[in-house]
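Okay, thanks for squeezing me in. Let me put the structure up and then walk you through it.

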There are 2 protein chains.
Amino acid sequence: MSRRPPERGQRAGKPEALADALHSASIHLLRTLRKEDDASGLSAPRLSALSVVVFGGPLTLGQLAAAEQVRPPTMTKIVTGLEKAGLVKRAGDLRDRRLTKIEATTKGQRVLAAGRARRVLLLTDAVKGLDEKALVELTDGIQRFREVIAAINEGR
Amino acid sequence: MSRRPPERGQRAGKPEALADALHSASIHLLRTLRKEDDASGLSAPRLSALSVVVFGGPLTLGQLAAAEQVRPPTMTKIVTGLEKAGLVKRAGDLRDRRLTKIEATTKGQRVLAAGRARRVLLLTDAVKGLDEKALVELTDGIQRFREVIAAINEGR
DNA sequence: GGATATCGTTAGCCAAGCTAACGATCGCGG
DNA sequence: CCGCGATCGTTAGCTTGGCTAACGATATCC
(Lines give C-alpha, C1' and ligand atoms only; values in the text may rest on other atoms or scores of the structure.)
Protein backbone atom coordinates (compact mmCIF):
# COMPACT_ATOMS: atom_id res chain seq x y z
CA MET A 1 0.00 0.00 0.00
CA SER A 2 1.10 3.51 0.03
CA ARG A 3 1.66 6.86 1.56
CA ARG A 4 -1.63 8.44 2.29
CA PRO A 5 -3.10 11.01 4.63
CA PRO A 6 -1.30 11.01 7.96
CA GLU A 7 -4.49 10.46 9.85
CA ARG A 8 -4.01 6.77 9.17
CA GLY A 9 -2.05 4.89 11.83
CA GLN A 10 1.46 6.22 12.03
CA ARG A 11 2.15 4.46 15.26
CA ALA A 12 0.49 1.32 14.07
CA GLY A 13 -1.33 0.19 17.15
CA LYS A 14 -3.15 -2.48 15.18
CA PRO A 15 -1.57 -5.33 13.28
CA GLU A 16 -3.56 -4.18 10.29
CA ALA A 17 -1.87 -0.81 10.22
CA LEU A 18 1.47 -2.44 10.94
CA ALA A 19 1.12 -4.72 7.96
CA ASP A 20 0.19 -1.77 5.84
CA ALA A 21 3.16 0.23 7.06
CA LEU A 22 5.58 -2.60 6.37
CA HIS A 23 4.25 -3.12 2.91
CA SER A 24 4.23 0.55 2.09
CA ALA A 25 7.71 1.20 3.40
CA SER A 26 9.14 -1.74 1.50
CA ILE A 27 7.60 -0.65 -1.76
CA HIS A 28 8.93 2.83 -1.42
CA LEU A 29 12.39 1.90 -0.36
CA LEU A 30 12.74 -0.35 -3.36
CA ARG A 31 11.42 2.28 -5.71
CA THR A 32 13.86 4.74 -4.25
CA LEU A 33 16.85 2.46 -4.35
CA ARG A 34 16.04 1.27 -7.81
CA LYS A 35 16.87 4.67 -9.17
CA GLU A 36 20.16 4.75 -7.36
CA ASP A 37 21.01 1.26 -8.40
CA ASP A 38 20.43 2.26 -11.97
CA ALA A 39 23.71 4.13 -11.67
CA SER A 40 25.45 0.78 -11.57
CA GLY A 41 23.40 -0.43 -14.50
CA LEU A 42 21.98 -3.15 -12.31
CA SER A 43 18.37 -3.74 -11.43
CA ALA A 44 17.37 -4.90 -7.97
CA PRO A 45 16.95 -8.57 -8.91
CA ARG A 46 20.35 -8.67 -10.60
CA LEU A 47 22.00 -6.88 -7.76
CA SER A 48 20.39 -9.23 -5.30
CA ALA A 49 21.47 -12.31 -7.20
CA LEU A 50 24.98 -10.97 -7.65
CA SER A 51 25.18 -10.36 -3.95
CA VAL A 52 24.27 -13.95 -3.22
CA VAL A 53 26.87 -15.19 -5.68
CA VAL A 54 29.59 -12.95 -4.29
CA PHE A 55 28.97 -13.76 -0.66
CA GLY A 56 27.49 -17.21 -1.04
CA GLY A 57 30.41 -18.57 -3.01
CA PRO A 58 30.00 -20.57 -6.23
CA LEU A 59 26.64 -22.27 -6.43
CA THR A 60 24.38 -23.90 -8.95
CA LEU A 61 21.59 -22.12 -10.75
CA GLY A 62 19.01 -24.10 -8.85
CA GLN A 63 20.48 -23.13 -5.52
CA LEU A 64 20.58 -19.54 -6.60
CA ALA A 65 16.96 -19.65 -7.73
CA ALA A 66 15.94 -21.15 -4.41
CA ALA A 67 17.89 -18.52 -2.51
CA GLU A 68 16.22 -15.78 -4.50
CA GLN A 69 12.85 -17.47 -4.27
CA VAL A 70 12.24 -17.46 -8.00
CA ARG A 71 11.76 -20.24 -10.53
CA PRO A 72 14.70 -21.65 -12.43
CA PRO A 73 13.73 -20.11 -15.80
CA THR A 74 13.66 -16.70 -14.18
CA MET A 75 17.08 -17.23 -12.71
CA THR A 76 18.38 -18.38 -16.07
CA LYS A 77 17.48 -14.98 -17.46
CA ILE A 78 19.05 -13.09 -14.61
CA VAL A 79 22.25 -15.10 -14.73
CA THR A 80 22.42 -14.70 -18.49
CA GLY A 81 22.19 -10.96 -18.04
CA LEU A 82 24.86 -10.94 -15.39
CA GLU A 83 27.03 -13.14 -17.54
CA LYS A 84 26.72 -10.84 -20.55
CA ALA A 85 27.66 -7.97 -18.30
CA GLY A 86 30.75 -9.91 -17.27
CA LEU A 87 29.80 -9.97 -13.61
CA VAL A 88 29.50 -13.70 -13.15
CA LYS A 89 30.79 -16.72 -15.02
CA ARG A 90 29.92 -20.37 -15.21
CA ALA A 91 32.55 -22.71 -13.99
CA GLY A 92 32.96 -26.28 -12.86
CA ASP A 93 31.62 -29.04 -15.03
CA LEU A 94 30.42 -27.29 -18.16
CA ARG A 95 29.37 -30.49 -19.87
CA ASP A 96 26.87 -31.56 -17.26
CA ARG A 97 24.95 -28.37 -16.79
CA ARG A 98 23.50 -29.61 -13.58
CA LEU A 99 26.93 -29.35 -12.04
CA THR A 100 28.11 -26.02 -13.42
CA LYS A 101 28.64 -23.54 -10.70
CA ILE A 102 28.03 -19.84 -10.98
CA GLU A 103 30.66 -17.60 -9.49
CA ALA A 104 31.43 -13.92 -9.44
CA THR A 105 34.12 -12.37 -11.57
CA THR A 106 36.39 -9.79 -10.04
CA LYS A 107 34.45 -7.20 -11.98
CA GLY A 108 31.29 -8.50 -10.37
CA GLN A 109 32.85 -8.08 -6.97
CA ARG A 110 33.97 -4.57 -7.82
CA VAL A 111 30.58 -3.52 -9.14
CA LEU A 112 28.81 -4.91 -6.13
CA ALA A 113 31.13 -3.06 -3.80
CA ALA A 114 30.63 0.15 -5.75
CA GLY A 115 26.88 -0.23 -5.62
CA ARG A 116 26.95 -0.74 -1.93
CA ALA A 117 29.15 2.30 -1.48
CA ARG A 118 26.62 4.32 -3.43
CA ARG A 119 23.74 3.14 -1.33
CA VAL A 120 25.69 3.72 1.82
CA LEU A 121 26.25 7.30 0.77
CA LEU A 122 22.53 7.77 0.37
CA LEU A 123 21.79 6.11 3.64
CA THR A 124 24.44 8.06 5.45
CA ASP A 125 22.87 11.30 4.36
CA ALA A 126 19.46 10.07 5.39
CA VAL A 127 20.77 8.98 8.74
CA LYS A 128 22.25 12.35 9.50
CA GLY A 129 18.83 13.51 10.58
CA LEU A 130 18.44 10.67 13.04
CA ASP A 131 19.73 10.74 16.56
CA GLU A 132 21.33 7.81 18.30
CA LYS A 133 18.03 6.64 19.75
CA ALA A 134 16.38 6.59 16.35
CA LEU A 135 19.28 4.61 14.94
CA VAL A 136 18.95 2.00 17.62
CA GLU A 137 15.23 1.80 17.03
CA LEU A 138 15.76 1.35 13.34
CA THR A 139 18.33 -1.37 13.86
CA ASP A 140 16.14 -3.24 16.32
CA GLY A 141 13.13 -2.81 14.10
CA ILE A 142 14.86 -4.35 11.13
CA GLN A 143 15.79 -7.34 13.16
CA ARG A 144 12.13 -7.80 14.05
CA PHE A 145 11.21 -7.17 10.47
CA ARG A 146 13.38 -10.07 9.45
CA GLU A 147 11.91 -12.32 12.07
CA VAL A 148 8.41 -11.58 10.86
CA ILE A 149 9.33 -12.39 7.29
CA ALA A 150 11.04 -15.58 8.36
CA ALA A 151 7.99 -16.59 10.37
CA ILE A 152 5.72 -16.03 7.42
CA ASN A 153 7.93 -18.01 5.09
CA GLU A 154 8.31 -20.90 7.46
CA GLY A 155 4.74 -21.27 8.51
CA ARG A 156 3.26 -22.56 5.33
CA MET B 1 20.50 -7.88 -1.59
CA SER B 2 19.64 -11.18 -0.07
CA ARG B 3 19.69 -13.69 2.62
CA ARG B 4 23.13 -15.03 2.98
CA PRO B 5 25.29 -16.63 5.60
CA PRO B 6 24.44 -15.35 9.06
CA GLU B 7 27.96 -14.23 9.69
CA ARG B 8 27.07 -10.99 7.93
CA GLY B 9 25.92 -8.20 10.24
CA GLN B 10 22.66 -9.11 11.86
CA ARG B 11 22.81 -6.27 14.32
CA ALA B 12 23.87 -3.84 11.66
CA GLY B 13 26.39 -1.81 13.55
CA LYS B 14 27.54 -0.09 10.37
CA PRO B 15 25.40 1.96 8.02
CA GLU B 16 26.58 -0.32 5.27
CA ALA B 17 25.11 -3.37 6.91
CA LEU B 18 22.02 -1.40 7.83
CA ALA B 19 21.42 -0.42 4.22
CA ASP B 20 21.91 -3.99 3.20
CA ALA B 21 19.49 -5.23 5.82
CA LEU B 22 16.83 -2.74 4.82
CA HIS B 23 17.14 -3.62 1.18
CA SER B 24 17.15 -7.33 1.81
CA ALA B 25 14.20 -7.27 4.15
CA SER B 26 12.16 -5.19 1.74
CA ILE B 27 12.82 -7.47 -1.16
CA HIS B 28 11.84 -10.50 0.79
CA LEU B 29 8.73 -9.07 2.28
CA LEU B 30 7.49 -8.08 -1.13
CA ARG B 31 8.31 -11.43 -2.63
CA THR B 32 6.47 -13.11 0.20
CA LEU B 33 3.44 -10.88 0.05
CA ARG B 34 3.26 -11.03 -3.70
CA LYS B 35 2.24 -14.65 -3.49
CA GLU B 36 -0.48 -13.88 -0.99
CA ASP B 37 -1.73 -10.95 -2.95
CA ASP B 38 -2.07 -13.21 -5.93
CA ALA B 39 -5.08 -14.62 -4.16
CA SER B 40 -6.91 -11.38 -4.78
CA GLY B 41 -5.74 -11.33 -8.37
CA LEU B 42 -3.94 -8.09 -7.70
CA SER B 43 -0.23 -7.43 -8.07
CA ALA B 44 1.59 -5.21 -5.61
CA PRO B 45 1.57 -2.12 -7.86
CA ARG B 46 -2.15 -2.41 -8.50
CA LEU B 47 -2.92 -3.02 -4.89
CA SER B 48 -0.83 -0.04 -3.91
CA ALA B 49 -2.49 2.23 -6.43
CA LEU B 50 -5.92 1.02 -5.45
CA SER B 51 -5.12 1.75 -1.85
CA VAL B 52 -4.20 5.32 -2.69
CA VAL B 53 -7.41 5.76 -4.64
CA VAL B 54 -9.56 4.29 -1.91
CA PHE B 55 -8.05 6.30 0.90
CA GLY B 56 -6.89 9.32 -1.03
CA GLY B 57 -10.27 10.02 -2.51
CA PRO B 58 -10.81 10.78 -6.20
CA LEU B 59 -7.69 12.10 -7.85
CA THR B 60 -6.25 12.62 -11.30
CA LEU B 61 -3.97 10.16 -13.03
CA GLY B 62 -1.07 12.56 -12.70
CA GLN B 63 -1.55 12.89 -8.98
CA LEU B 64 -1.79 9.14 -8.67
CA ALA B 65 1.38 8.66 -10.68
CA ALA B 66 3.18 11.16 -8.48
CA ALA B 67 1.91 9.48 -5.33
CA GLU B 68 3.12 6.14 -6.59
CA GLN B 69 6.36 7.60 -7.89
CA VAL B 70 5.97 6.25 -11.37
CA ARG B 71 5.67 7.94 -14.78
CA PRO B 72 2.27 8.72 -16.22
CA PRO B 73 2.38 6.05 -18.94
CA THR B 74 3.01 3.43 -16.30
CA MET B 75 0.08 4.65 -14.28
CA THR B 76 -2.12 4.62 -17.36
CA LYS B 77 -1.49 0.91 -17.66
CA ILE B 78 -2.18 0.24 -14.02
CA VAL B 79 -5.38 2.25 -13.99
CA THR B 80 -6.54 0.58 -17.18
CA GLY B 81 -6.03 -2.77 -15.53
CA LEU B 82 -7.91 -1.73 -12.43
CA GLU B 83 -10.68 -0.31 -14.55
CA LYS B 84 -11.08 -3.52 -16.53
CA ALA B 85 -11.27 -5.36 -13.26
CA GLY B 86 -14.03 -3.02 -12.18
CA LEU B 87 -12.14 -1.75 -9.17
CA VAL B 88 -11.89 1.90 -10.14
CA LYS B 89 -13.77 4.15 -12.51
CA ARG B 90 -13.13 7.45 -14.18
CA ALA B 91 -15.42 10.22 -13.16
CA GLY B 92 -15.65 13.98 -13.27
CA ASP B 93 -15.09 15.76 -16.54
CA LEU B 94 -14.73 12.95 -19.05
CA ARG B 95 -14.33 15.26 -21.98
CA ASP B 96 -11.28 17.04 -20.71
CA ARG B 97 -9.15 14.13 -19.69
CA ARG B 98 -6.95 16.39 -17.65
CA LEU B 99 -9.82 16.83 -15.26
CA THR B 100 -11.16 13.29 -15.04
CA LYS B 101 -10.83 11.91 -11.57
CA ILE B 102 -10.15 8.34 -10.72
CA GLU B 103 -12.17 6.88 -7.91
CA ALA B 104 -12.75 3.50 -6.36
CA THR B 105 -15.85 1.45 -7.03
CA THR B 106 -17.52 -0.31 -4.14
CA LYS B 107 -16.06 -3.51 -5.51
CA GLY B 108 -12.65 -1.90 -5.35
CA GLN B 109 -13.20 -1.03 -1.74
CA ARG B 110 -14.35 -4.53 -0.98
CA VAL B 111 -11.42 -6.16 -2.72
CA LEU B 112 -8.95 -3.92 -0.99
CA ALA B 113 -10.48 -4.69 2.38
CA ALA B 114 -10.37 -8.40 1.63
CA GLY B 115 -6.74 -8.22 0.58
CA ARG B 116 -5.83 -6.41 3.72
CA ALA B 117 -7.66 -8.98 5.80
CA ARG B 118 -5.66 -11.69 4.09
CA ARG B 119 -2.38 -9.97 4.76
CA VAL B 120 -3.36 -9.24 8.30
CA LEU B 121 -4.02 -12.89 8.87
CA LEU B 122 -0.53 -13.69 7.67
CA LEU B 123 0.98 -11.00 9.80
CA THR B 124 -1.04 -11.97 12.82
CA ASP B 125 0.33 -15.46 12.65
CA ALA B 126 3.83 -14.14 12.22
CA VAL B 127 3.40 -11.80 15.14
CA LYS B 128 2.32 -14.56 17.47
CA GLY B 129 5.95 -15.44 17.98
CA LEU B 130 6.83 -11.92 19.01
CA ASP B 131 6.51 -10.64 22.52
CA GLU B 132 5.31 -7.18 23.44
CA LYS B 133 8.80 -5.74 23.44
CA ALA B 134 9.49 -6.99 19.94
CA LEU B 135 6.22 -5.53 18.74
CA VAL B 136 7.12 -2.13 20.09
CA GLU B 137 10.55 -2.35 18.50
CA LEU B 138 9.04 -3.27 15.19
CA THR B 139 6.57 -0.41 15.31
CA ASP B 140 9.23 2.10 16.24
CA GLY B 141 11.56 0.73 13.62
CA ILE B 142 9.03 1.14 10.86
CA GLN B 143 8.52 4.73 11.82
CA ARG B 144 12.26 5.31 11.45
CA PHE B 145 12.24 3.34 8.27
CA ARG B 146 9.70 5.75 6.86
CA GLU B 147 11.71 8.73 7.98
CA VAL B 148 14.81 7.44 6.27
CA ILE B 149 12.95 6.89 3.02
CA ALA B 150 11.41 10.34 3.24
CA ALA B 151 14.81 11.88 3.88
CA ILE B 152 16.28 10.14 0.86
CA ASN B 153 13.44 11.22 -1.37
CA GLU B 154 13.55 14.79 -0.26
CA GLY B 155 17.27 15.32 -0.37
CA ARG B 156 17.75 15.27 -4.09
C1' DG C 1 22.12 -50.72 -22.74
C1' DG C 2 17.76 -48.63 -22.22
C1' DA C 3 14.24 -46.46 -18.82
C1' DT C 4 14.20 -42.95 -15.36
C1' DA C 5 15.32 -39.07 -12.68
C1' DT C 6 17.40 -34.60 -12.36
C1' DC C 7 18.37 -30.25 -13.67
C1' DG C 8 18.86 -26.34 -16.97
C1' DT C 9 17.13 -24.09 -20.97
C1' DT C 10 13.84 -22.71 -24.56
C1' DA C 11 9.41 -20.98 -25.89
C1' DG C 12 5.87 -18.10 -25.09
C1' DC C 13 2.94 -15.50 -22.21
C1' DC C 14 1.94 -11.17 -19.17
C1' DA C 15 2.86 -7.13 -16.02
C1' DA C 16 5.45 -3.13 -15.03
C1' DG C 17 8.77 0.16 -15.81
C1' DC C 18 10.87 3.65 -19.02
C1' DT C 19 11.30 7.42 -23.10
C1' DA C 20 9.62 9.60 -27.09
C1' DA C 21 6.06 11.04 -29.75
C1' DC C 22 1.29 12.19 -30.36
C1' DG C 23 -3.41 14.12 -29.31
C1' DA C 24 -6.86 16.61 -27.19
C1' DT C 25 -8.40 20.34 -24.50
C1' DC C 26 -8.29 24.76 -22.33
C1' DG C 27 -6.81 29.60 -21.83
C1' DC C 28 -4.87 33.51 -23.52
C1' DG C 29 -3.33 37.03 -26.67
C1' DG C 30 -3.80 39.21 -30.60
C1' DC D 1 -13.00 35.18 -32.76
C1' DC D 2 -9.34 32.49 -33.91
C1' DG D 3 -5.11 30.44 -33.56
C1' DC D 4 -1.08 29.08 -30.27
C1' DG D 5 0.97 27.43 -26.56
C1' DA D 6 0.68 24.93 -22.28
C1' DT D 7 -0.96 20.97 -19.92
C1' DC D 8 -2.02 16.53 -19.34
C1' DG D 9 -3.11 11.79 -20.84
C1' DT D 10 -2.39 8.17 -24.08
C1' DT D 11 -0.08 5.39 -27.62
C1' DA D 12 3.95 3.09 -29.42
C1' DG D 13 7.73 0.50 -28.65
C1' DC D 14 11.38 -1.26 -25.87
C1' DT D 15 13.48 -3.91 -21.71
C1' DT D 16 13.29 -6.68 -17.63
C1' DG D 17 11.40 -9.99 -14.62
C1' DG D 18 8.05 -13.22 -13.34
C1' DC D 19 5.45 -17.52 -14.55
C1' DT D 20 4.19 -22.49 -16.78
C1' DA D 21 4.88 -26.01 -20.02
C1' DA D 22 7.66 -28.43 -22.85
C1' DC D 23 12.15 -29.97 -24.22
C1' DG D 24 17.13 -31.62 -23.86
C1' DA D 25 21.07 -33.42 -21.98
C1' DT D 26 23.31 -36.06 -18.52
C1' DA D 27 23.92 -39.46 -15.10
C1' DT D 28 22.11 -43.37 -12.61
C1' DC D 29 19.95 -47.60 -11.94
C1' DC D 30 18.12 -51.87 -13.14
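**Two DNA strands, two chains, and a few backbone details**

So, let me start with the surface near DNA strand C: by class, it has seven nonpolar, six polar and seven charged residues. Bear in mind as we go that this is a predicted model.

Which residues come nearest to DNA strand C? Of the 20 around it, those are Gly62(A), Pro73(A), Ser43(B), Arg71(B) and Pro73(B). As for elements giving two or more residues to that surface, chain A brings helix H3 (61-68) and helix H4 (72-84), while chain B brings helix H2 (44-56) and helix H4 (72-84). H4(B) gives the most, with five residues.

Now over to DNA strand D. There are 20 residues surrounding that strand, and the closest are Ser43(A), Arg71(A), Pro73(A), Gly62(B) and Pro73(B). Here the elements with two or more residues are helix H2 (44-56) and H4 from chain A, plus helix H3 (61-68) and H4 from chain B. H4(A) has the largest share of this surface, five residues. By class we get seven nonpolar, six polar and seven charged residues near DNA strand D.

Okay, a quick look at H2(A). This helix has 13 residues and runs 17 Å from first C-alpha to last, close to the 18 Å expected at 1.5 Å a residue. A good stretch of H2(A) is buried: Arg46(A), Leu47(A), Ser48(A), Ala49(A), Leu50(A), Ser51(A), Val52(A), Val53(A) and Val54(A). After H2(A) comes Gly57(A), with a positive phi near 70°.

While we're on phi: Gln69(A) isn't a glycine, yet its phi is positive, about 60°. You'll find Gln69(A) in the loop between H3 and H4 of chain A. Is Gln69(A) buried or exposed? Partly exposed, because 16 other C-beta atoms lie within 10 Å, and buried would take 20 or more. In chain B, Gln69(B) also has a positive phi of about 60° without being a glycine, and it sits in the loop between H3 and H4 of chain B. Gln69(B) is partly exposed as well, with 16 other C-beta atoms within 10 Å.

Last thing, confidence. For chain A the mean pLDDT is 79, and 82% of the residues reach 70 or more. Within chain A, H4(A) is highest at 95, and helix H1 (residues 15-38) is lowest at a mean of 72. Residues 1-12 of chain A stay under 50, and for that stretch the model has 29 contacts beyond four places in sequence.

That's my bit, happy to take questions.

Terms used: Residues numbered from 1 in each chain as written. Chains lettered and ligands numbered in written order. Predicted model: local features only at pLDDT ≥ 70, side-chain atom pairs only at ≥ 80, totals over all residues. Near = placed C-beta within 6 Å. Helix = DSSP H or I, 4+ residues; strand = E, 2+ residues; numbered from the N terminus. Nonpolar A, V, L, I, M, F, W, Y, C, P; charged D, E, K, R; others polar. Expected span 1.5 Å × (residues − 1). Buried ≥ 20, exposed ≤ 12 C-beta atoms within 10 Å, placed from the backbone. pLDDT = per-residue confidence, 0-100. Contact = placed C-beta atoms within 7 Å.
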